[in-house]
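Here are my notes on the cavities, the open pocket and the chain contacts, as promised. Have the structure open while you read.

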Amino acid sequence: MGNSSAISIEQLSMEFGDPGQGVKALDTVSLEIQSNEFFTLLGPSGCGKTTLLRLIAGFEQPSAGTIRLYGEAMQDLPPFRRPVNTVFQSYALFPHMTVAQNIAFGLEMRGLSKEEISETVTRMLALVKLPDVGARRADQLSGGQQQRIALARALANRPKVLLLDESLSALDQKLRKDMQIELKRLQSETGITFIFVTHDQEEALTMSDRIAVMSKGRILQVGTPTEIYEAPANRTVADFIGETNFLTAEAGDDGVKLSDGQVLSTLTEHRGPVTLAIRPERVSLAADGQLLGKVENVVYVGTDTVYHLDVAGQGGFRVRQQNRDGAVGGYRVGDQVRVQVPTAAIKVLVE
Amino acid sequence: MSTPRLLAERRQLGRRLLLSTPAMLTLLVFMLLPLGIMFVVSILQSGEYGGVKWGEYSLEAYRNFFYERDLDDVLVFNTDYLEIFQRSFWLSILTTAGCLLIGFPTALYLALQSERKRNLLLFLVTVPFWTNLLVRAYAWMLLLRNGGLVDEGLQGLGITQHGLGLLYTDNAVIIGLLYTYLPFMVLPIYTSLEKMDWRLVEAAFDLGANRFHALKRIIVPLAMPGIVAGSILVFIPSLGNYIIPELLGGGKTLMIGNLIQLQFGSSHNWPLGAALSFALLSFVLLAMLVYSVRFKPGSAGGHP
Amino acid sequence: MNTRNPLWRFAGMRPAAWFFFVFLYLPIVVLVVLSFNGGQSATLWDGFSLKWYSVVANDAEVVRAAKNSLIVATLATLIATSLATLAALGMRGRAFRGQTLMSGVLGLPLLVPEIVTAVSTLMFFSFIGLKLSLFTILIAHVVFCIPFAYLPIRARLEGMNPYLLEAAADLYASPWKAFWKVTFPLLSPGIVSGAMLAFIISMDDFVITYFVAGAGATTLPVYIFSSIRMGISPKINAISSIILVISIAFVALSYYVGQRKR
């Protein structure tokens with residue numbers, strides 16, 4: 001725990017309702033977020049990611065634990081005394097003020113001079129590529145524009161940390177993808193630590209330097225997108241990120257044995273019951289594959305074809321093949337097929 | 001066992017309660033306390049020249065509901081007041097029924113108009129709401145008196161031969177009450193209808209229901225919360241109405257409101273006035289209790 | 001679905017609606033028209049004239065009653081709206097134990113029949129030995145104006161995006177600054193609406209005022225009532241018309257303001 005950490009969460013707990021009987025939104029969570037990092041809190045609804053963000057912003061008080069900003073404890077400070085700013089999910093632009101007044105708000109509160117404020121507002125509008133909307137009323141803008149103004153309003157104050165609460169979830173697909181790139185660019189340009197909350201794992205993988213996967217008030221794993229995707233720490237993480245096939249098996253001396261007797265070789269040294277996690281895109285249908293299965297369903301999704309197989313008595317084992325040669329009909333429902341499973345593609349999970 | 005969160009919440013709550021205090025205090029002192037005092041007065045002895053004898057208790061006022069004392073100070077069963085209660089109830093029920101009869105189709109009509117027309121019509125419905133009731137009751141006096149517009153109009157149209165003598169009768173009071181409370185019936189029913197999903201009615205049409213059946217089986221049941229709310233909003237206040245029976249009923253059609261006022265005017269019987277008021281209040285509170293338990297949305301007893 | 005489509009023309013709907021509006025407005029129209037009556041009768045038309053209005057304008061009693069009404073209404077509105085605004089601000093936010101009860105108390109004047117309120121307030125003043133006067137009227141008016149001011153303010157507050165205050169705090173505004181720069185501007189249409197409502201209600205009140213008015217502390221409605229008691233006259237027509245027109249203008253104004261701010 002060094003002072004270089006932008007945000008340091010120590011044993012943070014948050015309980016709603018009466019102590020001891022309430023709902024635990026956060027359960028003794030600890031985390032270090034670095035300077036100049038695009039950090040994402042990822043998880044399904046109710047996992048505690050938004051609660052954690054709101055605690056950092058100051059809108060809630062924790063039941064226990066410490067939050068430090070560059071070493072200084074800040075959990076006792078009200079939000080208007082914390083040098084962090086938030087981009088809200090619903091943008092929360094002040095409807096009775098113009099765009100320029102919205103952006104200027106934080107600067108006014110801090111007592112900056114009129115010239116400084118005006119100059120900053122102009123700079124911010126240019127930063128989010130909306131130089132002409134300053135005089136418009138905030139509620140006259142489109143959703144995408146409102147989102148960028150909310151961003152500008154927060155960034156205008158040069159916060160040490162910028163918090164983004166599912167800010168992209170109200171946008172449509174195309175706009176969303178554009179904004180993801182924009183946000184990434186802004187973060188690297190400004191050098192401000194971004195803490196981003198989302199339930200969309202693809203979004204997290206695209207934008208983040210590091211991700212914390214959360215579930216039920218706990219952090220399951222922290223790592224780079226590659227680490228999270230390739231080496232999930234447990235079944236929950238593996239299941240949440242991307243698609244995974246799970247096979248129950250028994251690890252023995254000569255390999256891992258499936259319930260129907262088939263054996264796969266893995267790198268594990270563990271013995272006993274295990275779960276195998278295999279990504280659908282890492283395996284392929286090939287005549288010399290080690291795994292035997294029967295085709296239950298063939299799903300064409302444009303870029304790929306996904307084969308749903310029955311393997312070792314378990315249905316739903318997916319194999320994803322890229323349609324490199326177009327929509328070639330290869331296998332059909334009912335066919336017996338063989339699946340090529342590289343050893344490196346098998347993650348052995350011990351629960 | 002106090003966490004920072006709980007401390008912050010408690011502080012916030014304290015601040016909020018402080019803000020509400022002035023208004024609450026005003027209402028407690030000048031609304032609740034007087035009601036309490038009124039109850040106490042109802043069980044006090046009446047003073048000789050009006051007012052009460054504080055500290056001397058008696059249930060005479062409540063006895064007066066049913067009995068009066070004859071010259072030998074013996075209790076004799078007296079139906080005068082009971083008649084007045086009964087008349088008030090009856091007139092209020094008639095008023096409620098009348099309001100439903102006219103109000104429901106009106107609300108339906110409103111709900112089916114285009115948005116612009118609807119806003120205009122709604123505005124027209126609300127305007128009389130806020131104008132002085134006294135003045136409007138007076139307007140009816142002009143219309144209903146002998147030689148007034150109603151008489152002239154009906155005679156002119158050849159419907160009647162001579163004056164109806166409408167003013168100062170039960171009928172005048174009913175007309176007046178209807179007039180006062182019609183908007184109270186139309187607005188809640190309109191609100192219910194406006195919120196309704198009209199595609200359900202389209203589905204009913206699709207399944208072979210004609211307009212009558214669609215009304216009976218779909219529209220009316222779905223508008224029921226509004227209908228019940230409107231009925232309560234008409235029945236309860238009309239029970240205690242003072243102005244209409246006073247102006248349009250003359251001294252002849254007494255409702256509870258007039259009876260109460262008499263005790264503070266010529267009759268000088270404060271305990272009786274207080275007792276009557278308390279009885280009226282109790283009934284109103286009871287009715288509201290029944291309503292919120294049985295009919296309010298989300299309550300356990302809500303009917304299907 | 002619209003009435004142009006015969007599918008939606010329910011029987012009796014139209015006639016009922018027509019009857020409703022005619023029934024509602026006929027007396028008002030008749031009253032106003034008759035106030036311009038040139039003759040002595042309140043109902044028999046005898047030519048157009050403004051004379052009754054000038055009679056009213058020159059009647060010192062009427063003018064004094066009108067003044068009293070205005071004074072009470074203005075003061076009651078100011079006090080009630082302020083108290084109601086504070087209460088609405090206090091009620092906003094997470095629900096707490098006893099909140100329903102407090103809401104109930106705030107709405108009590110709407111629930112209790114007017115005559116009961118009138119009687120109990122009279123008893124109260126008698127109990128504490130306060131002589132009936134314009135002041136007692138004012139107290140009674142403040143009490144029943146509070147819920148009328150409260151409702152639109154509360155509604156406006158509920159409609160406000162709760163995150164706006166968090167955004168203001170996030171942007172370094174202290175709670176006091178956040179109230180003035182964010183909450184109050186957004187709340188003000190509701191406050192204006194509530195104040196107008198309270199004003200009209202106070203101006204129009206009769207029953208409660210009748211009970212708690214002292215001698216010489218007449219308001220306009222009480223004056224009208226006493227006049228009616230003495231007999232129908234065109235003068236009353238004129239006073240009534242004035243009140244009606246003012247009320248309607250007020251309601252129209254408040255409606256207009258409400259529509260614009262949306």
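1. Start with the largest cavity: helix H7 (225-230) and strand E14 (272-278) of chain A each put at least two residues into its lining. Keep in mind throughout that this is a predicted model. The volume of this cavity comes out at about 70 Å³. Around it you'll find Tyr229(A), Glu230(A), Pro232(A), Ala238(A), Thr244(A), Ala277(A), Ile278(A), Arg279(A), Arg282(A), Ala345(A) and Lys347(A). Sorted by class, that makes 6 nonpolar, 1 polar and 4 charged residues.

2. How many cavities of 30 Å³ or more turn up in a search of the whole structure? The search gives 3. The second largest has a volume of about 60 Å³, and its lining takes in residues of chain A, among them Leu53(A), Arg54(A), Phe88(A) and Asp165(A), along with Tyr163(C) and Glu166(C). Two or more lining residues come from each of helix H1 (49-57) and strand E7 (161-165) of chain A, and likewise from helix H7 (163-170) of chain C. H1(A) has the largest share, 3 residues. The class split here is 6 nonpolar, 1 polar and 3 charged.

3. Two of those lining residues, Arg54(A) and Glu166(C), are worth a second look: they form a salt bridge, with the closest N and O atoms 2.6 Å apart. Across the interface of chain A and chain C there are 2 salt bridges, and 7 residue pairs are in polar contact, both partners at pLDDT 80 or more. On the chain A side, strand E6 (84-87) and helix H2 (99-109) are the elements giving two or more residues. The largest share, 4 residues, is from H2(A). That side has 13 nonpolar, 6 polar and 6 charged residues.

4. How much area is buried between chain A and chain C? About 2000 Å², with carbon and sulfur atoms giving 66% of it. In chain A, Phe80(A), His96(A) and Met109(A) lose the most area to chain C, together 31% of what that side buries. In terms of contacts, 25 residues of chain A meet 19 residues of chain C.

5. Now chain B against chain C. Here 84 residues of chain B are in contact with 87 of chain C. The buried area is about 8100 Å², and carbon and sulfur atoms give 82% of that. Arg16(B), Trp130(B) and Tyr138(B) lose the most on the chain B side, yet together they account for 10% of what that side buries.

6. What about polar links between chain B and chain C? The count is 1 salt bridge: Arg229(C) pairs with Glu246(B), the closest N and O atoms being 2.5 Å apart. There are also 11 residue pairs in polar contact, both at pLDDT 80 or more. Helix H1 (residues 4-42) of chain B supplies the largest share of the chain B side, 21 residues. By class, that side has 65 nonpolar, 12 polar and 7 charged residues.

7. Last, the second largest pocket, with a volume of about 1700 Å³. Of its 39 lining residues, Gln12(B), Arg15(B), Arg92(C), Leu165(C) and Pro175(C) are the closest to the centre. H1(B) gives the most to this lining, 8 residues. From chain C, helix H3 (60-91), helix H6 (134-158), H7 and helix H8 (175-204) each supply at least two. The lining divides into 20 nonpolar, 7 polar and 12 charged residues.

Definitions and conventions
Residues numbered from 1 in each chain as written. Chains lettered and ligands numbered in written order. Predicted model: local features only at pLDDT ≥ 70, side-chain atom pairs only at ≥ 80, totals over all residues. Heavy atoms only, no water. 1 Å grid on protein atoms, 1.4 Å probe; cavity = no way out; pocket = protein on both sides within 12 Å on 5 of 7 lines; lining within 4 Å. Points joined across faces, edges and corners; volume = space filled by probe spheres on them. Nonpolar A, V, L, I, M, F, W, Y, C, P; charged D, E, K, R; others polar. Contact = heavy atoms within 4.5 Å. Buried area = accessible area lost by both parts, 1.4 Å probe. Salt bridge = Lys/Arg side-chain N within 4 Å of Asp/Glu carboxyl O. Polar contact = N/O pair within 3.5 Å; in protein donor to acceptor, adjacent residues only side chain to side chain.
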